[in-house]
Every structure is written in structure tokens, then in C-alpha cells.
Amino acid sequence: MTTQLLEKLAQEPDEQAKITYKNGGVFLDIGGKLYRPALYNCNFNWNDSQNFQEKIRNYAKADMNLLAFGIRAENFWTGPEKYDYEALDKLLADAFTLAPNARFLFAIGFWQGIKWWNELHPEEMIQYARIDDMFPVTDNIGTYTAPSYASELWLKETSETVRKLVEHIENSPYRKHIFAYRIDVGVYCEWHYYGMAGSMPDISPHMGKLFRAYLREKYNGDVSLLRKAWRQPEVTFENAVPPPAEVRLQYLDGTLRDPVEHAWSIDFLHAIQRSLKNALLLMNRTAKEACHGRALVGNYCGYFFGMGYTAEGWHIVNDDFIRSPYVDFQVSPCCYSNMFRNIGNSMLARSLAATYRLHNKLCIFEADGRTHLAPEDGNKHSNTVQESVAMLSRDLAQAISKGCAYWNYDFGRDWYNCPEILQFFHSIAPVIDAVKDFGSSAEIAVVADWESAYCHAVQAAYGGPGAYMGINYVANELKHAGLQFDAYSFADLDNPALQNYKLYLFPQLVYMTPEKLSLLNSLKKAGKSFLFLGTPGWLTQNGQDAESIFRTTGIHAEVLHAKSSVTTTLFDGSVMDYFEKPSEIGWRHSPVLKITDHQATLLGTVELEDGTAVPTYARKENPDSTVTYVNGAPVMTSQELRKIARLSGVHCYCDSDKGVVYANNSMISFHTGTPGEYMLHARTPVKWTMVFPEKKSYPKTQADLFFHARQPDTYIFMIES
């Protein structure tokens, strides 16, 4: 860093970073100046990033001045109580020299572990309930050597390392342009528990100690309650241990855990999540205190959509994170697999985006789609320059539609180095600036229940998509139906903002308590519609309860311990299915919900393995003027969702399934991989202006806009009444 630049920084005032919502959209207030919610994530140690200087300069030329980068802990934490900040200081100096007008989010990476620390403290490592050889030992998601989240020594020394690093930066001129710190631990930086894919963490003595402390708290120190719950007359708070793999692999019909039958496993999974909560909040609090609250602090965290490993990998305690003063922001990538990432599909963000707005927190979508310049792998879905631009503009439209932040991330690779993509970056600021009202136009609320995740089995353990299909496929189909939705946590139901939707969708509300039922009933008002998937409310604190399904939904049903097709045959003869050959997916759905309510209108059936047709899909108009739909099968198509939405009075922005719509109060955008003629529908006659991929005004005020898509792309229109 030049002496001149150091002197300039020394003269600048310190900048307090805050999150602010303006016109329904999130912005970053840094030193009293508002910054657009768009960043470029430069990867750790951006000097290792290919052509990073060109990318940073292009971003700056495009009036995009928020950047993220960071350092791995092993590059400065060199031994017990030994820190070498030479590499850090050079990294910061290079960053400030290259982008003197930028503001930085700085990441501190522990996710790969510290080799010398692991070798020095082998007794602090995670121990696994089984060894899964699906992944190499070098992959975090498999049987990886890493400290237990419950290790008190690891927590103490790692949090102290966070403190030392943040204090070093805060005591230097570099702090002047750093607005946030991100702490990275766990699988791929994302705070999932190491080995979540099948190795069954963590049966180390440290987790055992935390587990026993959790049990004392849950059962109020009454060992008789513990023995009754576990059905183990000899268990005590002193000898309780994590359940072995064979116990954790016990499920109802291979898909669900019963709160009574599987209390040992569920209690342990609560302890796993407690360890995650303790570690994350301790490290974040340490960073927050070290910068005296000047900067924002956050993590990769908060994933609901796109998760297949349930309680051993999800961030089930995320309601506590969102409400913590030590968590200002969370970052999440979009769902993986072709169904989401292919051109023409939704690139569904994993977070419950609307929740952040309620709590004045920052939600950041990670736009990490591979462009045509990326090497071939299972996550590459763009093969041409045009598809790459279509993908990148889809990410922008999604972030704008949710009023959230987002960042482009190329993992330090050379994925953006072509004129068309660099030119796209110059489109971001004008498109964001054209939005006058980021407020949500959604009339559908998708309500996620973190608590039910404890009852969902691990996907890898039973060879089928299970909860993954019911949660993620339906959200993807909502986008293909031309519908907008806001995603919330069940814990948000007492917020007045959730009273204003027309249709409420509960994709996996399998576990019900009296407290949750009271919250749910507070929504049930005249004119509202509800759609429940799976076996809603079936599991309770007292175990399986078919009457709880009725209390939850208002529709009588029973649960069959059987297997059925994943698709539903509707009574009009059509089939709800999005598999070309359903028989070849290699998975049967279980357990099976059978509708028994004579006052409900049956809409469809599934087929059991013996060929019996069982009614699992029904609609019921209730005495309080609410309408309830229940579908026990995991498949809901865009056509059926559009039908339900229209009957519920929900506005549909497009009738075509060959693309996805992103919209808010000022914008309607359409992303498609199929050229053709399309029509978009505004609620009322409006003035339409295309702002991407070209600028075009439509002189006529109209509710419907007909346009031609010449190629795969994202078409972004601003609307004014």
C-alpha cells in the first residue's frame, strides 16, 4: 500500500455499517452512504484468483463498489498462541490499492481445519458413528478430520483467534473500508456439521458431555422423565451416550422419525444443533465485540430449500440466529441440480428470504452459477455466452424480486472473463436503480417449519428424495406457474405481516405442538386458503396421532404404513407428475396419507404397490370460510398450483410453464430457456419498460404484455401505474 493511500485512510472517519430497508429493499448503510445490495465475492486470498485485477476493475467501472474476500486461518494462525499477520497485511494492502473506493466484507476461514492444531489435539476431533466411503477423507461432507463443535478447547482457541485477527484489522487503517466480517466453519464454509452426508457425526466425548447437559436441561434434572422418554430404565444423566448408527437409522417407513419411538435419536440431534448454535454465536459475538459493533458480522447459514441431509446438516436453530444481535447477515447459494440450475429453471435460493426483512437482517444470495467458461462438471448448466448472460441476469432478477442482496461468485476461477459477461456487470447498477419499489407483490406465503426437520430422516439413509422433493420441487413449480411467494419460518407466524397473504403453503409441517397449532389457527380467517403437503401434523409430542392431522388441516385422514407412487392421478384423468418415466426414478413414497373426510372433495389418488388406488389429495371448504387443500404425495405440478392459486384469488403473472417469473411491486421479469411468444400479466393496466436485455418502452398502458423471446434470456420489465 502506498504511503499516500495510507495517509488518505488515516484522514477518513471510521464508518459504522448498518442494514437499512428503503422502498421495501435492503441496502447497506456504510458511513451514512447507501450502497446497492450487489457484491462481487473474490474468494479467499484473491491474489490466487484468475485475472482478479481485471474483474475488480471492471466491477469498479460499473459503479459496483462492494467486494468480499478473506483469509484462511492457517495462513496467519501458525501455532499455539502464535499469529503471523504478514500475509494478511499484504492481502489487505493489495486490496486497498487495487480498489481504493471499495468497501469490503472480510471472511475468516476455519472450514478446512488447522492441520497443526488437529495433530496437537487428536482427542478433540469428531468421532463418527459410522464410516461412509461415499466421499474421500479430504471432503468436508464425508468422514473428515476436524474438531468437534462441542470441543471446549477448540471453541476457546478458535474464538480467541477470531478476536486477535479482528482486533489487528481494527487497530490498522484497513478498518476504514471494511464493513463486515464473515466467520466460516463446517462443510464448505457453510456451518453444516462435518460428515453430514452419511458418517453420522458426532459421538466424541465432547459431544457426549454437551448431550448430557442438554438432557439435564430438557428433562429438568428429573431422571425418571428421561427414562420414560427413552424407554431405558437404567439410563441416567451421567451415563447417557449418543445413539449408535443402527438406532439413528431407525425410521417410520424409512422417511420419518417418531418423537416417542425415536426420542433417543431426536434428543441427540437437538444436541448436535445446540453445538452448532454455541459455536456460531460465540465466534460471531467475539468478532462483534472486537470491532466494538462497528461492522456487520454474519455467516453462510440459514438454508431451508435445497437441503437433503435434514437434522445432521441443516441449520435447524436458525430462528435463534435470526433473532441474535450477533448475526447481522446470512449468505446462501442457490439449490443445486439440473432441476433448479438449468437455463429456463428457477435457480431457487435456499434461504427463507422474507424472514430477514421482518427482523432487519441482511439476506445475501450467492450467484455461483458456472458460465460457459467453467470446466465441465455436474454443476455446469451454461454452454454458450448467451446462456451465461441469461443465467447471470436471472440471479439479478431473483435478488431484486426478493428485496435482497446478492453476490456473483466464480470461486476464484476465470468464469467471467469475456466481453459479454463483463458488459453484463455494467447492467446491474442501472437495473437496480430503476426499481422504485422493492416491496413484495407475493400473495402466497411458503411457511417452513425448522422443528419438523428433526423428524425427517436422512436422505442418504433410505435411498429416496423424501422431504427434499416435497419441499424443493413444489417451490420450483410455483415459479414455473408464474406465481410469486414469500418464504418465512413458522416462528414468524405471530408477525402481523403474515396476515396479508391469500394462500399459505406448508411443505413439511409434520410435527405439531399445541403452541404451534395456536399460531397456525391465528391465520385461519375468511377468504384464506391453505395447502398442506405430506402428513401435516401427524407427529406430536405423544407420537403418531391421526386426529392431529384433522386439528392441523381440518381434514380427516389416516396414515397407512405402505408405499405408493410419487405421482397423483387426478379425478379428471390427468396425472400430477414431472418425471418422464416415473417408474424409473427408483423410489416409492411412504408413509401414505389416506383422506377419510366425507365432507372433503376428493381430487386425486396414488397407487399402492399392490395396485390399490388411495385418495390422498382433497379440498375442503370449512365453516369459517377458509379453504384447505391436502396432498399426501410429494408432487405438485405448476398446472395444479396455478389452479389452486387462481381459486384462492392469487394473481398469476404468466400462463406458460416454459420459464419462471420474478416480480415485485415495480418489476416483472421472465426467464426462459425456450425461444417463443410469451405474455405477462400485471394486476392492473400499467406502463411497461424493458430494462434488460435491451431498453425498450411500450407506449400503451396495458395489463398484458405480449413479447417475443428470441433466445434463452431473462427479460426484465419495470412497471408503473
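In this predicted model, three strands make up an open sheet, ordered β1-β2-β3 and paired in antiparallel fashion. The edge positions belong to β1 (17-22) and β3 (33-35); each has a single partner strand, so one side of each is left without a neighbour in the sheet. On average, and with direction ignored, neighbouring strands of this sheet are turned by 40° against each other. Between β1 and strand β2 (residues 25-30), which run antiparallel, there are six bridges. Within this pairing, lysine 22 is found opposite glycine 25 of β2.

Glycine 25 also offers a handy route to a distant part of the sequence. Cysteine 404 lies 379 residues away from glycine 25 in sequence, yet their C-alpha atoms are 6.4 Å apart in space. This cysteine sits in the loop that links α13 (385-402) with β13 (405-409). Because its relative accessibility is 7%, cysteine 404 counts as buried. Beyond its neighbours within four places in sequence, cysteine 404 touches Val26, Pro37, Ala353, Cys363, Phe365 and Ala399.

Turning to the nonpolar interior, the largest core contains 233 residues, and those with the most contacts inside it are Phe106, Phe179, Trp230, Phe305, Ile428 and Phe506. Helix α9 (residues 263-290) supplies the largest share of this core, with 14 residues. Another core, of 19 residues, lies apart from it and includes Tyr653, Ala663, Val686 and Phe707. For a closer look at one residue of the largest core, tryptophan 230 is a good place to stop. With neighbours within four places in sequence set aside, tryptophan 230 is in contact with Phe211, Leu215, Tyr219, Val235, Ala240, Val241, Ala263, Trp264 and Asp267.

Definitions and conventions:
Residues are numbered from 1 along each chain as its sequence is written. This is a predicted model: local features need pLDDT of at least 70, side-chain atom pairs count only at pLDDT 80 or more; totals for chains, interfaces and linings use all residues. Side-chain values use heavy atoms; hydrogens and water are left out. Helices (H or I, at least four residues) and strands (E, at least two) are DSSP runs, numbered from the N terminus. Buried means under 20% relative accessible area, exposed over 50%, partly exposed in between (1.4 Å probe, protein chains only). Contact means heavy atoms within 4.5 Å. A nonpolar core is a set of buried Ala, Val, Leu, Ile, Met, Phe, Trp, Tyr and Cys residues joined through side-chain atoms within 4.5 Å. Two strands pair if DSSP finds at least two bridges between them. Axes are lines fitted to C-alpha atoms, for helices over the stretch in contact, and angles run from 0 to 180 degrees between N-to-C directions.
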